[in-house]
Each structure stands twice: as C-alpha cells, then as structure tokens.
Amino acid sequence: MGKSAPASIPPTDPDTGGGPAGSTEEGTAPDPDADPRTESADAGSPRAALELSGVTKHFPLRRRNTVALDGVDLTVEQGEFVSLLGPSGCGKSTVLRLLAGLEEPTTGRVRVHDRPPAALVNDHRLGIAFQQHALLPWASIADNVALPFRVAGRPVDRARVTELLRLTGLEEFAEARPRQLSGGMRQRAAIARALALNPEVLLLDEPFGSLDAVTRRRLNFELARIWSEQRITTLLVTHDVEEAVLLANRVVVLTGRPGRVRHVEHIDLPRPRGGRLTREPRFHEVVDRLTALLDGDLASRAGADEGATAQTGRRWLRRRGR
Ligand SMILES: Nc1ncnc2c1ncn2[C@@H]1O[C@H](COP(=O)(O)OP(=O)(O)OP(=O)(O)O)[C@@H](O)[C@H]1O
Ligand SMILES: [Mg+2]
C-alpha cells in the first residue's frame, strides 16, 4: 500500500483544483486509481483486509431479542474503499463495531487481515472516526491529533502531526481548541487523528453526518484525495447515497433490520472524482438506482409496520370483545 508523504491538499474540487492524482481528462487517460477489487463479496479471498462471514448479531434487550445482523458476508479488499448504506437501525454501526473489536458476533467470523480484530487494534493500526468526533475539549487541535501516539505509549511524531494538519487544511489552527473550530473543521481534525498512526484500516461511521451540504461535499473531495494518496483500506458508513458513490470502489446496501447484504454495486466511475462528475448523468444513474433500492426497503418496512399495528389493533379489539 503506497503511503508516501502526502503533499499539501488544497481544499478544492479535484476537477478544478488539480491534485496529486493528476488532472487527467475523465475517461480519456488511464485511471490512476484503478479499482483494487478482485471479486465482490467473496469471503476467504487472499487479499481480504476485512472479512465478515456468516455473521449474525443478536442483542438481548429485556425480554426481547433484537437481531441486528443476520448472515452477513462482506469482504473488503486491501486498499479498497467500500461504502455501507442501509436504513436506520439495520446494523451498519454494528458492522463497524465488530470490525473494531468492540462487539463479538453471536455466530460467524470476523477477521481483519486474517486475524481477530483485537490484534490490529492492539497494534494501533486501526483508525476510527465516528459521527461524534469526540475531540478532547481542553486540548489543542495538534494535541488531539497527537493523542493516538500517547494512547499507544509512543513518542509523538510532531512532523507527522504537522503533516496531517496540512493534509486536512488545519495547519493554522494547530493551537486552537476544538470549540474555536467550525463543525467541519472538527470533523477534519477527527479524521486527521484517525490517520495519525498510519492505520492500515480506516473505519468511518457517518463522519460528516452533522455537516451542511457544502462543507460535506468539500470534505468528501478531501477524503477522496486522501484515499487516492494513501490507499488505506476504508469502510465508510453513510446515509448519503451521493457521498457513498463518490468515494467508493463498491457500495454495499444492507436490508432493514435485521441487516443482510441486499445489493453490491461496483462503482466503475473514473477518478479523480469531483464536482464535474457529480453533475454527469452516469453518476446520477447509479445514485438513483441505489436510492430506489433504499426507498423500496423503507416502503416495505413502513408497510410491515402498518400491518403489525393493524394486527395489534385487531387483537386488542378481539380481547375487548368488539
Ligand atoms: N448495545 C446494544 N444493545 C442493544 N441493542 C443494540 C445495541 N447496539 C445496537 N443495537 C440494536 O441493533 C440494531 C442495529 O443498530 P446499529 O446501531 O448497528 O444500526 P445503524 O444501521 O448503525 O443505524 P443508524 O443508521 O440509525 O445509525 C438496532 O436495532 C439497535 O437497537
Ligand atoms: Mg449507526
């Protein structure tokens, strides 16, 4: 995996701002970000970085048992960027928590680089950024980005911290406190922190969830560029279909609870991907197809919920002898 020291990243649309991947004409030059996938969700591939096979996850809750995931097979190849889409409550965060070693599967197997997730976590080679950025409010942005070094008991590599602040456009705010930054800047700091120890795997759970559309789009372009430079195996959970398509080599759609893999979409759109691509019909075709899948799922869930409510109502009326 190429992890050369990244050049400064101007926070611009790669279509107009130029960038390290080269300002090639889309569709005319060889794709510098050739898709690293082999075949889709094949469990057991020798290049698999992340692997869930036959994973079921139950959460006992009082007398009820919530089935969050049911028979999930999912493989992310080394250096691949996969987006995970699905309705709220379908188990997306649970997938990430399993891969981060924060949960155990009820049945099935979870592997990161063919080892239990804890191995990578213990080696500090896993970067995580969740929706709540969880920066330390009393520490400067530079110290927040340096935190993984301290957690790992390693001397802080100041050059690396400076490089990450430049990469995420925060070099002028190294000494600021999180409260002095905008929401988007805090999210960028959280991503810089996740990258601090050169992780081999990046798990992102709606990292841009609370941002306005314009900031979110800018951060999407920045993340696309960071990934192009460093090729870190990345699994991104998002509710935003455009974001999922813009960033990923593959988009995996889960069904509503319990979560199962419903659809895998290979995204063969050329890179670098920027604002111009998002205005093209071929981009919207993919986005519309995936949105329709999600809409269908929501509609069938709403139908099921309505049916269940009607049934409960009928049972109640029968009990009351009406
Ligand atoms: N620790 C837990 N204890 C009990 N139930 C849980 C726990 N964590 C998750 N669940 C349940 O598992 C299901 C999946 O939760 P999860 O957080 O993975 O969903 P999600 O797809 O990330 O949803 P969202 O898009 O809203 O973030 C939900 O029904 C949730 O209530
Ligand atoms: Mg979630």
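Select Ala244 first: leaving aside residues up to four places away in sequence, Ala244 touches Ser83, Leu85, Thr238 and Val251, where two residues are in contact if their C-beta atoms, placed from the backbone, lie within 7 Å. This is a predicted model, in which local features need pLDDT of at least 70 and side-chain atom pairs count only at pLDDT 80 or more, whereas totals for chains, interfaces and linings use all residues. Residues are numbered from 1 along each chain as its sequence is written, while chains are lettered from A and ligands numbered from 1 in the order in which they are written.

Ala244 lies in helix 8 (residues 241–247); helices (H or I, at least four residues) and strands (E, at least two) are DSSP runs numbered from the N terminus. Ala244 counts as buried because it has 26 C-beta neighbours inside 10 Å, the classes being buried at 20 or more other C-beta atoms within 10 Å, exposed at 12 or fewer, and partly exposed in between. Measure from Ala244 to Leu85, C-alpha to C-alpha, and the separation is 7.5 Å in space against 159 residues in sequence.

Next, select helix 4 (residues 141–151) together with helix 6 (residues 183–195), whose axes come within 7 Å and cross at roughly 35 degrees; axes are lines fitted to C-alpha atoms, for helices over the stretch in contact, and angles run from 0 to 180 degrees between N-to-C directions. Here Ile141, Asn144, Val145, Leu147 and Pro148 of helix 4 meet Ala189, Ala192 and Arg193 of helix 6.

Keep helix 4 and add helix 5 (residues 158–167): these two axes come within 10 Å and cross at roughly 115 degrees. Ala142, Val145 and Ala146 of helix 4 make this contact with Val161, Leu164 and Leu165 of helix 5.

Now centre on Ala192, which touches Val145, Leu164, Leu165, Leu167, Thr168 and Leu170, again not counting residues up to four places away in sequence. Ala192 is also, with Leu99, Val145 and Leu203, among the residues with the most contacts inside the largest nonpolar core, which has 73 residues; such a core is a set of buried Ala, Val, Leu, Ile, Met, Phe, Trp, Tyr and Cys residues joined through C-beta atoms within 7 Å. Helix 6 gives the largest share of this core, 7 residues.

Finally, select ligand 1, around which there are 13 residues, with Phe59, Ala68, Ser88, Ser93 and Thr94 coming nearest; a residue is near a molecule if its C-beta atom, placed from the backbone, lies within 6 Å of it. Helix 2 gives the most to this shell, with 3 residues.
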